[in-house]
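Okay, thanks for letting me take this slot. Have a look at what I've put up, and then I'll walk you through it.

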Amino acid sequence: NRLAAEMEISRAEELWSLQEQRVLTDTRRGFYETLVAQQAVDVARSLVDIGETAVETAESLLKAREVRQLDVLQANVEANNARIRLAQAETQLRAAWRRLEAVIGTPCMGSSRLVGDPLANLPELDWKTTLCQIYDESPELRAAYAESERAQWQLERELAGQKQNITLEAAAGYDDSTNDAYGSLRFSMPI
């Protein structure tokens, strides 16, 4: 019974570790998702600036009769596409901020600016080594193993409770017809 309780404690500790790892993973993922969305907005803003400059350049070239009206229209289309991409990037950034704020439990951080490089310090991963590391260090697998061990001990305990180890039976009596006292002793054990 004590061993089953120890296994239950071990399982609870593994589940705690699992939850802690999930929070850290969700926080890191939210940070990098927001950081990348922030950089996408910066790139989209640059494209809008380039598009507006291209429209101005095309219009001045049209006045000098060096390009056709079609070139100006094309520059306007590209500038409008850049504005649409900027609006989409800003929407994705706001959504990323909301998800990050929900994970860390701190609202109204969207006005902040994250600092970092999402490509810096990326580890080189080997498939087999990483898989072995997951098997060795995964809190989910350790919790499942602890639960399996607890269930195994519980089953063995229940099965042991069904088997009688030793049975001792004693009886005493008196025979009125012969005026004799008698006794019997019966002993049994599993083989």
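I'll start with some ground rules, then go through a helix, some salt bridges and a hairpin.

So, ground rules. This is a predicted model, where local features need pLDDT of at least 70 and side-chain atom pairs count only at pLDDT 80 or more, while totals for chains, interfaces and linings use all residues. Residues are numbered from 1 along each chain as its sequence is written, and side-chain values use heavy atoms, with hydrogens and water left out.

When I say helix or strand, I mean a DSSP run, numbered from the N terminus: at least four residues of H or I for a helix, at least two of E for a strand.

Let's begin with helix H2, residues 69–104. How far apart are the end C-alpha atoms of H2? They're 53 Å apart, and the expected span for its 36 residues is 52 Å, so the two agree. That expected span is 1.5 Å times one less than the number of residues.

Now, what's tucked away in H2? Its buried residues include Val72, Leu86, Leu93, Trp97 and Leu100, and Glu101 is on that list too. Buried here means under 20% relative accessible area, exposed means over 50%, and partly exposed is in between, using a 1.4 Å probe and protein chains only. Part of the cover for those buried residues comes from helix H1, residues 2–63; that cover is judged by contact, meaning heavy atoms within 4.5 Å. Right after H2 ends, Gly105 has a positive phi of about 75°.

Next, salt bridges. How many does the structure hold? Six. The term means a side-chain nitrogen of Lys or Arg within 4 Å of a carboxyl oxygen of Asp or Glu.

One of them joins Arg99 and Glu33, with the closest N and O atoms 2.4 Å apart. Arg99 sits in H2 and Glu33 in H1, so this pair links distant parts of the chain, 66 residues apart. Arg99 is partly exposed at 41% relative accessible area, and Glu33 is partly exposed as well, at 32%.

Another one joins Asp42 and Arg113, and there the closest N and O atoms are 2.5 Å apart. Asp42 belongs to H1, and Arg113 to the loop between H2 and helix H3 (127–137), so the pair ties together parts 71 residues apart in sequence. Asp42 is partly exposed at 26%, whereas Arg113 is exposed at 52%.

On to the hairpin. Strand E1 is residues 167–175, and E1 pairs with strand E2, residues 180–188, in the antiparallel sense over nine bridges. For two strands to count as paired, DSSP has to find at least two bridges between them. Four residues lie between E1 and E2, and Asn179 in that turn has a positive phi of about 55°.

Who faces whom? Leu168 stands opposite Phe187 in E2, and Ala171 stands opposite Ser184. There's a salt bridge here too, between Glu169 and Arg186, at 2.9 Å from N to O.

Is E2 covered or uncovered? It's hardly covered: zero of its nine residues are buried. Leu168, over in E1, is exposed at 59%.
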